[in-house]
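Biologist: I should like a close look at a single residue and at the part of the fold that surrounds it. Please begin with the residue itself and then proceed outward to the whole chain.

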Amino acid sequence: MGDDDKVILLPGSDESAKVEVTRKAACMSELMRSMLADDDDETPEIPLLEVSKEILDKVVEFLNFHKDNPMQEILKPIQTNDIQAIVGEWDAKFIALEDD
């Protein structure tokens with residue numbers, strides 16, 4: 001199986017909703033990697049029954065970005081309260097709470 005092969009993620013909240021991700025991105029998650037370890041299907045499906053579609057979309061966004069952009073190491077002890085200086089610009093924006 002190649003890194004660009006698709007994996008289908010099935011959120012528990014909506015049986016008709018499916019989220020596609022590459023195998024390379026999915027394997028960044030220890031849970032998904034273990035579920036794919038013995039799966040020889042061309043397009044495997046991973047049921048994530050406790051995960052909503054909204055959360056799964058955010059997880060896939062994170063995995064898709066970091067599959068080609070390694071996460072910045074967090075140095076300890078932490079020397080600043082500036083989250084962007086700690087984790088980098090993309091991650092700081094990703095985890096920022098949106099105003100409703």
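Modeller: What follows starts at Thr22 and widens step by step to the chain. The coordinates come from a predicted model. Thr22 belongs to strand S2, which covers residues 19–22. Its relative accessibility is 10%, and because buried means under 20%, Thr22 counts as buried. A polar atom of the Thr22 side chain lies 3.2 Å from the backbone nitrogen of Ala25.

On the sheet side, Thr22 is the bridge partner, in S2, of Lys6. Strand S1, residues 6–11, runs antiparallel to S2, and 4 bridges join these two strands. The sheet as a whole is open and has 3 strands in the order S2-S1-S3, with mixed pairing. S2 and strand S3 (45–48) each have a single partner strand and stand at the edges, so one side of each is left without a neighbour in the sheet. From one strand to the next, the twist averages 30 degrees. Helix H3, formed by residues 53–66, lies across S1, S2 and S3 and runs at about 20 degrees to S2.

Turning to the chain, the secondary structure comprises 5 helices and 3 strands, and the elements follow the order β-β-α-α-β-α-α-α from the N terminus. Of the 100 residues in the chain, 29% are buried. Among contacts with a separation of 6 or more, 52% are between residues 24 or more positions apart. The C-alpha trace spans about 45 × 35 × 20 Å along its principal axes. The chain exposes about 7,200 Å², of which carbon and sulfur atoms supply 50%.

Conventions: Residues numbered from 1 in each chain as written. Predicted model: local features only at pLDDT ≥ 70, side-chain atom pairs only at ≥ 80, totals over all residues. Heavy atoms only, no water. Buried < 20%, exposed > 50% of the residue type's maximum accessible area, 1.4 Å probe, protein only. Polar contact = N/O pair within 3.5 Å; in protein donor to acceptor, adjacent residues only side chain to side chain. Pairing = 2+ DSSP bridges. Axes fitted to C-alpha atoms, helices over the stretch in contact; angles between N-to-C directions. Contact = heavy atoms within 4.5 Å. Areas by Shrake-Rupley, 256 points an atom, 1.4 Å probe, with all protein chains shown as cover.
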